[in-house]
Amino acid sequence: MGIDMWTGALFITLATGIYTVFGGLRAVLYTDMLQMFVLIGGALAVTFIGLNEIGGWDNMYAAAGTGFFSVWKPMSDPEFPWTGIVFGAPILGVWYWCTDQFIVQRVLSAKNIDHARRGTIFAGMLKQLPLFIFVVPGIIAYVLAQSGQITLERPDAALPTLIGALLPAGLRGLVIAGLLAALMSSLSSVFNSCSTLIAWDIYKKWKPDTSDRTLVRVGQLATVLMVILGMAWIPFMGKISGQIFVYLQSVQGYIAPPIAAVFLVGIAWKRVNARGALASLLTGFVLGMGRLVAELSKDRLDGFLFTFADINFLHFAAYLFVVCVAVLVIVSLLTDPPPAANVHDLTFATIDHATRLPSNDGWRRRDLGLTLVLAVIVIGVWTYFTG
């Protein structure tokens, strides 16, 4: 957008860090809710104006070609092969939606289990929008670039270029505000989630008698630390991938599999124990970080190490998940089973339905209907973009 990367990164990170430090989770939730309307409204404006510029959906389809409208890429595709989409992407999804503090903290802040369930269904509905308000504008930018109406220097410049070329001044500012809102929303959520984990799961266990006021201060200091670490990581982003989306997905592919393995096997099998979980997490961490280091230095590698660094990140996620599951199961079987009291209400086999919180039957029936509607929408989207 014509702003130096370091200037923009410094401003956004510091501004987000300030309101997260002083506002806490309440500030994060309210700002996220308000920013949602700005982000979705701005992105919809770009989509509709862009489609109008190229003559509608059919013209876009004809100009871009069927390859842009299919999620099933060849197995040899360097970024998103169909095998990676089927076997690797769900692992990233389980990690993010079921275990990431970013998401879990919001569910735990709900008034009760009915509100938490309804909120997750609503999130699933919202998750269908990015395809049409982020991916479609990218295709529009490609079509306009191919016809010479705009010039794209790199893929990540697609949306800012569309904003500058298609939108009038007032609306352009609104959409840019939406982009900044998306950035700040993600950052604030990460800052707050990390500070909560550091304060409660690390500092509180280290010093159990710590007062609430001190824990708040520790969380604020942790947020400041996250801001500094975030700034320090920026130079490494371009070394992993030249496209921000691929970068984000690939990094998640290195950290998600061990956590997803422990979560899924842990809730499905009561024989899993802490030693097995720890061994699985450590194995996944070592292999995942080894892959990250290898990818950063891939140009200087050959032989097995180059092959290891060059595996598609979604395929790597699937392989790593299998390894972590195997380690988890083997170590758990070779060591003592967990005490029954430790797994009570934690696995499908040990849930005590008599002691669970009551749920409103009317809400549950409506939630089941909404869930079925969401499933139909997802199936419809996948069917249309089979190509």
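This report covers the salt bridges, one helix crossing and one nonpolar surface patch of a predicted model.

**Salt bridges**

Side chains of opposite charge can pair when their charged atoms come close. The structure holds five salt bridges. Three of them are among those tabulated here, with the closest N to O distance for each.

| Acidic residue | Basic residue | N to O distance |
|---|---|---|
| Asp-367 | Arg-117 | 3.5 Å |
| Glu-295 | Arg-291 | 3.6 Å |
| Asp-310 | Lys-298 | 3.2 Å |

Take Asp-367 and Arg-117, whose closest N and O atoms are 3.5 Å apart. This pair links distant parts of the chain. Asp-367 sits in helix H16 (residues 361-384), while Arg-117 belongs to helix H6 (residues 113-126). The two are 250 residues apart. Asp-367 has 1% relative accessibility, so it counts as buried. Arg-117 has a relative accessible area of 22% and is therefore partly exposed. The pair also belongs to a network of salt bridges that links Asp-114, Arg-117, Arg-118 and Asp-367.

Arg-291 and Glu-295 form a salt bridge within one helix, H12 (residues 274-296). They are four residues apart, so about one helical turn separates them. Are these two residues buried or exposed? Both Arg-291 and Glu-295 are buried.

Asp-310 and Lys-298 meet in a salt bridge at 3.2 Å. Asp-310 lies in helix H13 (residues 303-310), and Lys-298 lies in the loop between H12 and H13. The pair therefore ties together parts that are twelve residues apart in sequence. Asp-310 is partly exposed, with a relative accessible area of 41%. Lys-298 is also partly exposed, at 23% relative accessibility.

**Helix crossing**

Two packed helices are described by the angle between their axes and the distance between the axes. Helix H7 covers residues 129-146, and helix H8 covers residues 158-166. Their axes come within 9 Å. They cross at roughly 70°. H7 and H8 are therefore roughly perpendicular to each other. What is the handedness of the H7 and H8 crossing? The crossing is left-handed.

**Nonpolar patch**

Val-71, Trp-72, Met-75, Trp-82, Val-86, Phe-87 and Trp-382 make a nonpolar surface patch of about 660 Å². Which helix gives the largest share of the patch? Helix H3 (residues 82-87) does, with three residues. Trp-72 is found in the loop between helix H2 (57-64) and H3. Trp-72 counts as partly exposed because its relative accessibility is 34%.

Definitions and conventions. Residues are numbered from 1 along each chain as its sequence is written. This is a predicted model: local features need pLDDT of at least 70, side-chain atom pairs count only at pLDDT 80 or more; totals for chains, interfaces and linings use all residues. Side-chain values use heavy atoms; hydrogens and water are left out. Patches are made of residues with over 30% relative accessible area and no salt bridge: like charges are joined within 9 Å, nonpolar side chains (Val, Leu, Ile, Met, Phe, Trp, Tyr) within 5 Å. Accessible areas come from the Shrake-Rupley method with a 1.4 Å probe; for residues, only the protein chains shown count as cover. A salt bridge is a side-chain nitrogen of Lys or Arg within 4 Å of a carboxyl oxygen of Asp or Glu. Buried means under 20% relative accessible area, exposed over 50%, partly exposed in between (1.4 Å probe, protein chains only). Axes are lines fitted to C-alpha atoms, for helices over the stretch in contact, and angles run from 0 to 180 degrees between N-to-C directions. Angles under 35 degrees count as roughly parallel, over 145 as roughly antiparallel, 65 to 115 as roughly perpendicular and the rest as oblique. A crossing is left-handed if the near helix is turned anticlockwise from the far one by less than a right angle, and right-handed if clockwise.
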